[in-house]
Amino acid sequence: MTDGKVAAQVARPHSSPSSESAGAVGVSQLGYLGFEVSDLGAWEAFATRILGLEVASRRPDGALTLRMDGRAARFFITPGPANDLTCLGWETTGEPELRAVVERLRAAGTAVREASEAERAERGVERLFCYADPAGNPSEIYCGPSLAAAPFRPSAVRSGFVADEQGLGHAVIRANTKEESTRFYSDVLGFRLSDTIICEFYGHHVDLSFFHANARHHSVAFGDKQRKRIHHFMLEARSMDDVGLAYDRALRDGVRIFQTLGKHPNDGMFSFYARTPSGFQFELGWGGKQVDDATWTPTTYDCISEWGHHPPDAITPAPRPDGDPAKSAARSTH
């Protein structure tokens, strides 16, 4: 942050993918995410009440699939103790594109396994390969996703989501080093750099790079090591009001807010961050920028937000001697 002011864009050199990889056929979108969770009931309530997702299917063991658009499933929620990411599902536009990425994965020394028929059926895709990225994040790449039998009817998020051909949203994931993951996601999977943020944020050093696969500003981002495989995932609503209403629902339901409403300088997203039942975060936003590769120039920013996105603890008024911060706040308005 820069004393509450909008930070300037700082031009700094970037390590760009090679010209060959920049034009390579690659991933077309973030198709789905999988999580292993210890409390399926809490996740179902959270996903439907707060995020506005729809339960698409249930298995006898309680596992859930969730949808948010015309796809049959965007989230695969399975029971277990990990409370972490179990798969990043990357979509390609067809089988030739899938084969090209699999060949690059193998040429880069990545162990790749073709999924079984049962695994393909579970994901609802025509062809599927499994691998781990350099940081060990379990990943899948596929083509031919299943569409839902009926249109998605928005409930809590009444405007619906920006998804479909732009994908689920984005995920910020673990990396061993930013440089290692940049080479992998750019040269092997075909992502393009959108921009970078390097700054200090309430005592934490932030050094993140953001990569796009389609017009969405970024589908994946990473810095260096973090405790869980995933820091947060983002869903984009089609109206600003739906973000505010979700924020209110989260407050009413006692969901822990990590960052208040704010606006990012790089993707222009108006959003907030809060805790999932598994401990990692989610971001719900509106108004993200669209990237045109013909005109887009990656930029390095020196702030994480133009305004807002404060940790609530940092802006909570200190209690007065009478012990009633509410009275203190009321007095300060007169």
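This passage describes the overall make-up, an open sheet, the salt bridges and the largest pocket of a predicted model.

The secondary structure of the protein consists of 8 helices and 19 strands. Of the 334 residues in the protein, 50% are buried. When contacts with a separation of 6 or more are considered, 68% of them are accounted for by residues that stand 24 or more positions apart.

An open sheet is formed by 8 strands, which follow one another in the order 3-4-5-2-6-9-8-7 with mixed pairing. The edges of this sheet are strand 3 (54-58) and strand 7 (113-114), each of which pairs on one side only. At the second of these edges, strand 7 runs antiparallel to strand 8 (residues 125-132), and the two are joined by 2 bridges. Within this part of the sheet, Glu-114 is placed opposite Phe-129 of strand 8.

Side chains of opposite charge can pair when their charged atoms come close. The count of salt bridges in the model comes to 17, and several of them involve residues that are numbered close to the strands of the open sheet or lie within them, as with Glu-91 in strand 6 (residues 84-91). The salt bridge between Glu-91 and Arg-71 has its closest N and O atoms 2.5 Å apart. Because Arg-71 belongs to the loop between strand 4 (64-67) and strand 5 (75-79) whereas Glu-91 belongs to strand 6, this pair ties together parts that are 20 residues apart in sequence. Both partners are enclosed, since Glu-91 is buried with a relative accessible area of 5%, and Arg-71 counts as buried at 7% relative accessibility.

A further salt bridge joins the side chains of Arg-74 and Asp-69, with a distance of 2.8 Å from N to O. Here too the two residues are buried, Arg-74 having a relative accessible area of 0% and Asp-69 one of 4%. The setting of the salt bridge between Arg-59 and Asp-61, whose closest N and O atoms are 2.9 Å apart, is described by other values: Arg-59 is partly exposed at 36% relative accessibility, and Asp-61 is likewise partly exposed at 41%. These two residues also take part in a network of salt bridges that links Arg-59, Asp-61, Glu-122, Arg-123 and Glu-140.

Attention now turns to the largest pocket. Rolling a probe the size of a water molecule over the atoms shows where empty space is left. The largest pocket holds about 1,000 Å³ of space. It is lined by 37 residues, of which His-204, Val-206, His-231, Gln-259 and Gln-281 are the closest to its centre. Two or more lining residues are given by each of strand 10 (170-173), strand 11 (192-201), strand 12 (204-212), strand 14 (230-236), strand 15 (257-263), strand 17 (281-286) and helix 7 (312-315). Among these elements, strand 12 supplies the largest share of the lining, with 6 residues. By class, the lining comprises 15 nonpolar, 13 polar and 9 charged residues.

One of the residues closest to the centre of the pocket, Val-206, lies in strand 12. Val-206 counts as buried, because its relative accessibility is 10% and the limit for a buried residue is under 20%. Leaving aside residues up to four places away in sequence, Val-206 touches Ile-197, Ile-198, Cys-199, Phe-201 and Ile-304. The C-alpha atoms of Val-206 and Thr-196, residues that are 10 apart in sequence, are separated by 9.8 Å in space.

Strand 12 pairs with strand 11 in the antiparallel sense over 9 bridges, and within this pairing Ile-198 stands opposite Asp-207 of strand 12. The hairpin of these two strands has 2 residues between them, and in it Tyr-202 takes a positive phi near 50°. Strand 11 is also joined to strand 18 (residues 299-301), to which it runs parallel, by 3 bridges; in strand 18, Thr-300 is the bridge partner of Thr-196. Since 7 of the 10 residues of strand 11 are buried, this strand is largely enclosed by the rest of the structure.

Technical notes. Residues numbered from 1 in each chain as written. Predicted model: local features only at pLDDT ≥ 70, side-chain atom pairs only at ≥ 80, totals over all residues. Heavy atoms only, no water. 1 Å grid on protein atoms, 1.4 Å probe; cavity = no way out; pocket = protein on both sides within 12 Å on 5 of 7 lines; lining within 4 Å. Points joined across faces, edges and corners; volume = space filled by probe spheres on them. Helix = DSSP H or I, 4+ residues; strand = E, 2+ residues; numbered from the N terminus. Nonpolar A, V, L, I, M, F, W, Y, C, P; charged D, E, K, R; others polar. Pairing = 2+ DSSP bridges. Salt bridge = Lys/Arg side-chain N within 4 Å of Asp/Glu carboxyl O. Buried < 20%, exposed > 50% of the residue type's maximum accessible area, 1.4 Å probe, protein only. Contact = heavy atoms within 4.5 Å.
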